[in-house]
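Let's take a friendly look at a protein and the ligand it holds. Please have the sequence and the structure open side by side as you read.

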Amino acid sequence: MTEVVHTPRVFSGIQPSGGLTLGNYLGAIKRFVSMQDSGVETIYCMVDMHAITVWQDPADLRRATRELCAGYIAAGLDPAKSTLFNQSQVSAHAELGWIFSCVARMGWLNRMTQFKDKAGKNRENASVGLFSYPALMAADILVYHATHVPVGEDQKQHIELTRDIAAKFNHDYGVDFFPITEPVIEGEATRVMSLRDGSKKMSKSDPSDKSRINMTDGADAIAQKIRKAKSDADGLPSDADGLKGRTEATNLVNIYAALADMSVDQVLADVGGKQFSEFKPMLADLAVAKLSPISTEMARLMQTPDEIDKILRSGADKARAIADPILAQTLDIVGMVR
Ligand code: TYM
């Protein structure tokens, strides 16, 4: 069998559940923008069907979907260069998701740490969708034959499962149809941690608002959260080795590096020897300078929701033009009469 070479295509998605955090920005959106600007084909989705794996109030879901689209655009994604749309407008995701539910094995899904974290102790009461979610996520990616997926560290296991699903499908049907997608987990902030507890991921679902920076926070809130962020009593080291075992210090330096587009070593060459009392105001100023223009633009875009909906509709048209033929070929391979 000759090996099919897939042209590079980037796909990624974010759930419109709650607001965007600095973790989403540094781990995902900022990197979506650099991939768009590198000239490769980019498709970015608001995964509303993933969001409803846990309860979402309909009005909140609509608002969060539009706000996420506003965040994408405010951060630098351009609907003329990237395909931007919400998942539920392209039914091929759900259809391929079903086929992949029949390819993925129970044992594979049982190992998913995100399910264990999200379902918590009350597994019996979790939705079936929360459990089978990774099959839909694999469909999101593979219905475009995407070759590269920029994500934060926490999504690595799901991309590995996507690769397993593609390989099993290709093997079972004797085809070389789906690409084996590469996760792209790069930069200094692939896992932004809570500002209150360096062992926990920064997350929109953390009950404490002080644990995270929201993309909609104003300058005062950002500065205050950084001033109150947990650090340690030592000064900053002059190289990355000196951060070993210092989770909170590492997190603040990583955030600085990612916001400033510098490496951790470059940052420490500049700030090594300073105390946190001096470093935190520097970090706060940098965060405000980088994030305020985005939140201002988001608020402006949110005043014209019809314009956002138009962008989503036209993005969905472009997405369907790629996804529908790939789904049709999949149905042929599987043996569905059409
Ligand atoms: P979600 O919505 O939880 O997060 C969206 C993106 O933000 C990244 N991220 C972080 N990165 C660094 N530090 C953090 N603290 C942090 N928190 C979140 C996530 O890694 C992710 O890249 N299952 C996905 C959504 C999804 C998807 C897809 C992604 C559905 N289909 C297809 C890629 C391709 C999720 O729940 O991400």
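What follows is a short tour of the ligand's surroundings in this predicted model.

## Where the ligand sits

The ligand is found in the largest pocket. Three elements each give two or more residues to the shell around the ligand: β1 (9-14), α1 (22-37) and α7 (128-142).

In total, 27 residues surround the ligand. If you would like to pick out the closest ones on screen, select Y133, D140, G152, D154 and V192. By character, the shell divides into twelve nonpolar, ten polar and five charged residues.

## Polar contacts to the ligand

Two ligand nitrogen contacts are worth displaying. A side-chain N or O atom of Y133 lies 2.5 Å from a nitrogen atom of the ligand. At V192 the partner is a polar backbone atom, 2.8 Å from a nitrogen atom of the ligand.

An oxygen atom of the ligand takes part as well: a polar side-chain atom of Q15 is 2.8 Å away from it. Taken alone, the ligand would expose 710 Å², and the protein buries 97% of that area.

## A partner for D140

D140, one of the closest residues to the ligand, also has a polar contact within the protein: its side chain pairs with the side chain of Q87 at 2.9 Å.

Where does Q87 lie along the chain? Q87 belongs to the loop between β3 (82-86) and α4 (92-101). Is Q87 buried or exposed? Its relative accessible area is 0%, under the 20% cut-off, so Q87 counts as buried.

Definitions and conventions. Residues numbered from 1 in each chain as written. Predicted model: local features only at pLDDT ≥ 70, side-chain atom pairs only at ≥ 80, totals over all residues. Heavy atoms only, no water. Near = heavy atom within 4 Å. Polar contact = N/O pair within 3.5 Å; in protein donor to acceptor, adjacent residues only side chain to side chain. Areas by Shrake-Rupley, 256 points an atom, 1.4 Å probe, with all protein chains shown as cover. 1 Å grid on protein atoms, 1.4 Å probe; cavity = no way out; pocket = protein on both sides within 12 Å on 5 of 7 lines; lining within 4 Å. Sits in = over half its atoms within 2 Å of the grid points. Helix = DSSP H or I, 4+ residues; strand = E, 2+ residues; numbered from the N terminus. Nonpolar A, V, L, I, M, F, W, Y, C, P; charged D, E, K, R; others polar. Buried < 20%, exposed > 50% of the residue type's maximum accessible area, 1.4 Å probe, protein only.
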